[in-house]
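Hi,

Here is the structure I promised to pass on. Have a look at it first, and my notes follow underneath.

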Amino acid sequence: MTPPNADAPDLARRRLIRLAGVLRWLLLAAASAIPIVVLLIAVLAPDWVLMRPGLAGLPLQPAAEDPWRLRAAIAAGALPSLVLIWGLIRLASLFRHVSDGQVFSEAGARALRDFAVAVLAHAALVPVGYSLTIVILTAANPPGERHVAITLGSDDAARVLIGLVFLAVAWILREGRRIADENELMI
């Protein structure tokens, strides 16, 4: 006779594999959507960049009249997204390994580490992208009305913290895998 909860681990594993497959495709969809959305904004509504937080009070009239300057500002602001796209693709790779049944694989741990590095790089690049956006938008202004802005806020700190947490989890996974491999060698 089989105990009533004997199938519970298999059921939990099947659910994990199914969830990992869904997450993989959602992450790939998000990574694909980011450049499409940026491109659509640049083509259809380049003046959207003028509505970004932190731009109130800046002399932006020359930029508002130049759609190519607006598009350049959108591109500069989107630069951090490139590294985030790579991170999302790497995180999707982790979930591909999990959906293939390789829950604690070395490749999965590397993918998670790469995602963490992408989050950390994104955290560093967001203020740079914002500064470039301000420079581009005010570069056509007369002397004295050109601006450079450097911002660091709680969102930036949160990105760093999240990146560090994912980095630690990836490290824990790799250590766990190493210990499991050592234990397999023991008789």
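Let me start with the helix pairs: H3 and H4 run roughly antiparallel to each other, since their axes cross at roughly 175° and anything over 145 counts as roughly antiparallel. Those two axes come within 8 Å. Where H3 touches H4, the contact residues split into 23 nonpolar, nine polar and four charged. Before you read on, keep in mind that this is a predicted model.

H3, by the way, covers residues 67-99, and H4 covers 106-138.

Next, H1 (8-44). The axes of H1 and H3 also come within 8 Å, with a crossing angle of roughly 165°, so H1 and H3 are roughly antiparallel as well. The H1 and H3 crossing is left-handed. Sorting the residues of the H1 contact with H3 by class gives 23 nonpolar, three polar and three charged.

On to H4 and H5, the latter being residues 154-185. Their axes come within 8 Å of each other and cross at roughly 165°, which makes H4 roughly antiparallel to H5. H4 passes H5 in a left-handed crossing. The contact of H4 with H5 is made up of 18 nonpolar, two polar and seven charged residues.

There is something else to see between H4 and H5. How many aromatic pairs does a search of the whole structure find? Just one. The partners are Phe115 and Phe166, with ring centres 5.0 Å apart and planes at 85°, so the pair is edge-to-face. Phe115 sits in H4 and Phe166 in H5, so this pair ties together parts that are 51 residues apart in sequence. If you open the model, that pair is a handy place to look at while you trace H4 against H5.

Finally, the pockets. The largest pocket has a volume of about 540 Å³. Which residues lie nearest its centre? They are Trp48, Arg52, Gly77, Ala78 and Val126, out of 24 residues that line the largest pocket. By class, that lining has 13 nonpolar, seven polar and four charged residues. The helices from the pairs above turn up again here: H1, H3, H4 and H5 each supply at least two residues of the lining of the largest pocket.

So, to pull the threads together: H3 is roughly antiparallel to H4 and to H1, H4 is roughly antiparallel to H5, and H1, H3, H4 and H5 each contribute to the lining of the largest pocket.

Let me know what you make of it.

Cheers

Terms used
Residues numbered from 1 in each chain as written. Predicted model: local features only at pLDDT ≥ 70, side-chain atom pairs only at ≥ 80, totals over all residues. Heavy atoms only, no water. Axes fitted to C-alpha atoms, helices over the stretch in contact; angles between N-to-C directions. Helix = DSSP H or I, 4+ residues; strand = E, 2+ residues; numbered from the N terminus. Parallel < 35°, antiparallel > 145°, perpendicular 65-115°, else oblique. Left-handed = near helix turned anticlockwise from the far one by under 90°. Nonpolar A, V, L, I, M, F, W, Y, C, P; charged D, E, K, R; others polar. 1 Å grid on protein atoms, 1.4 Å probe; cavity = no way out; pocket = protein on both sides within 12 Å on 5 of 7 lines; lining within 4 Å. Points joined across faces, edges and corners; volume = space filled by probe spheres on them. Phe/Tyr/Trp six-rings, centres within 6.5 Å; stacked < 30°, edge-to-face > 60°.
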